[in-house]
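Here are a few exercises to work through with the model open in your viewer. Try each task before you read its solution.

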Amino acid sequence: MLYREAGQFKATYAEDQQIFPIRQDRIAITALLLVAFLVIPFVASDYWLKAILIPFLIFSLAALGLNILTGYAGQLSLGTAGFMAVGAFAAYNFELRVEWMPILVSWALGGLAAALVGIVFGLPSLRIKGFYLAVATLAAQFFIVWALTKFPWFSNYSSSGVITTGKTEIFGYVFDSPREKYLLVLAIVVLMALAAKNMVRSETGRAWMAVRDMDVAAEVVGIRMMHTKLLAFAVSSFYCGVAGALYAYAYIGTVEPEGFNLDLSFRILFMIIIGGVGSILGSFLGAGFIILFPIFLNSYADPIAHALGIDLPPGMTSNLELMIFGALIIFFLAVEPHGLARLWQIGKEKLRLWPFPH
Amino acid sequence: MSAQRRIGEPILVVEDVSLSFGGVRALANVSFDVREHEIRAIIGPNGAGKSSMLNVINGVYHPQTGTVTYRGVKRHRVHPHEAARQGIARTFQNIALFKGMTVLDNIMTGRNLKTRTSFLEQAIWIGRARREELEQRRKVEEVIDFLEIQHVRKTPVGRLPYGLQKRVELARALAAEPDLLLLDEPMAGMNIEEKQDMCRFVLSVNEEYGTTIVLIEHDMGVVMDLSDRVVVLDYGKLLADGTPDAVRANQAVIDAYLGVKH
């Protein structure tokens, strides 16, 4: 009953082309942003901010980056963590070696460095597609981690190969506490998500989707294949690179190249599969699910098992996690390839008509 | 003013074009021209090389010998996106829409060459990118009105019936405001009403926008009624070229295409 758009008439194309054309959606997203900016920082504990919300936002950003490439432009990539590593290490080196550089600029340059690397490893996409391209991006993943380990310059000759990030200072203000870091990360992620939404709803995004859906027809309507694919790689890697820099600076603090391994790439790929391929919202839903689910399982698997009269052997919960993720990924690939975001959309469509069936 | 009097100079000249795939000769020394503002039909039995001819014209295939001259410029290995830039749009025999996108987005994609803003401006959105997007939308809505598909504009194309999908594909081609429109069997698989609609649209496009049209069609009634001149291909060779009446009376065409008299 609440979710009705009856009486909301659109008199201009501008009104029709809004990101949230339905008034209830606009109210909901405003409320959500207000809560995220004004309520959560003062309510959530340090543990929640540091261990759950900050990584949730950072992984959402990385998933968003991968979603641009895989979900919108249709180019499967297994190199996400590699591009994050480039972002993290480039930002570290810019900050270390150029003293006057503001931290935000070095993060952005970290993203740009990742974008350049992304373009290089995106070149094979001009010739190969699908599964074979995934293998080519796998090369990016292994090469980047190898190069960062092999050449100690990247980690400033630290004996263990681990880098420790400096403090986050913007205009003389030090972002030190989890609350401050959360707010900073939140602001960056919101802005970048908005920019991504703007890109995918305009010509850039339509070109990506056209290449994804039918490349021959895309070329016939005048879309340049090389430009479009490489732009997708660049923008995607930029997002992953910034996510990597935030991962190093706002979340972990000390990172090593091995932290950005293939496991992480797969985790982010699972986020978009579960959350929704080709959806901005899906990137957030998927990241939230993959980060929150293990925590939920850790806290509640034993009590639930007890209630059912089963004794879980120690260490079982982490195995359970793997099993349930595996099952879920097969479920989504087989039943709902567009993930949670699509389920959400179906739910909304049903709600619009409720209580009538049609 | 009758259609014949508007017809101008040739804008597309195909000379001596041959195309083979391995041992198969799809086109053998084919020559013909297309004049500005005319409706030119290409007919022939299955496998005659009609679609290959369209693919040569818009650069999907590159002929081994022969030349294609468009607007007085001889072309060498043109890519499809360059052909699009020169004002050539087309539809496909097997519908080639972007399945994951809505009707509106599909047609908007047809206007990609009219976009001037960069992806950075589009990411920021406010300002030029927004104005441009609304301007494109206005133009696309004109095409939507013209082809009478207002009721499905927000529908994903995959959910539409076949006839409407064909119409959306035409809309996407028209959104580019082409000078030369290539239609590959626009009426195939349609019922009689859909065919009548499509004929009406093809004629209106030609008359209102002055678009030159090259069309492949199997329905002889449609071809004879719509086109100004007809090219007949058979086994990759040019069999006849002329007005519908002349082609209909041509004995070689009757033998090869319409059937030998017993």
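**Exercise 1.** This is a predicted model. Find the side-chain partner that T115(B) reaches through a polar contact, then place T115(B) in its chain and decide whether T115(B) is buried or exposed.

*Solution.* Start with the contact: the side chains of T115(B) and Q136(B) are joined by a polar contact of 3.4 Å. Next, look at where T115(B) sits, which is the loop between α4 (103-109) and α5 (119-124) of chain B. Now the accessibility: buried means under 20%, and T115(B) has 15% relative accessibility, so T115(B) counts as buried. Finally, check the neighbours. Leaving out residues up to four places away in sequence, T115(B) touches Q122(B), E132(B) and Q136(B), plus E203(A) from the other chain.

**Exercise 2.** Describe the contact between chain A and chain B, beginning with how many residues each chain brings.

*Solution.* Chain A brings 29 residues and chain B brings 36. Together they bury about 2,900 Å², with 61% of that from carbon and sulfur atoms. On chain A's side, Y13(A), R206(A) and V220(A) supply 22% of the area buried against chain B, more than any other three residues. For the polar part, count 11 residue pairs in polar contact and three salt bridges. One of these salt bridges pairs D16(A) with R137(B), with the closest N and O atoms 2.8 Å apart. As for helices, α8(A) gives the largest share of chain A's side, seven residues.

**Exercise 3.** Is V35(A) buried or partly exposed, and which patch does V35(A) help make?

*Solution.* V35(A) belongs to helix α2 (residues 23-43) of chain A. Its relative accessibility is 37%, so V35(A) counts as partly exposed. With L34(A), L38(A), V39(A), F42(A) and V43(A), V35(A) makes a nonpolar surface patch of about 580 Å².

Note on methods. Residues are numbered from 1 along each chain as its sequence is written. Chains are lettered from A and ligands numbered from 1 in the order in which they are written. This is a predicted model: local features need pLDDT of at least 70, side-chain atom pairs count only at pLDDT 80 or more; totals for chains, interfaces and linings use all residues. Side-chain values use heavy atoms; hydrogens and water are left out. Helices (H or I, at least four residues) and strands (E, at least two) are DSSP runs, numbered from the N terminus. Buried means under 20% relative accessible area, exposed over 50%, partly exposed in between (1.4 Å probe, protein chains only). A polar contact is a pair of N or O atoms within 3.5 Å; within protein, one must be able to donate a hydrogen and the other to accept it, and residues adjacent in sequence count only if both atoms are side-chain atoms. Contact means heavy atoms within 4.5 Å. Patches are made of residues with over 30% relative accessible area and no salt bridge: like charges are joined within 9 Å, nonpolar side chains (Val, Leu, Ile, Met, Phe, Trp, Tyr) within 5 Å. Accessible areas come from the Shrake-Rupley method with a 1.4 Å probe; for residues, only the protein chains shown count as cover. A salt bridge is a side-chain nitrogen of Lys or Arg within 4 Å of a carboxyl oxygen of Asp or Glu. Buried area is the accessible area (1.4 Å probe) that two parts lose on being put together, summed over both.
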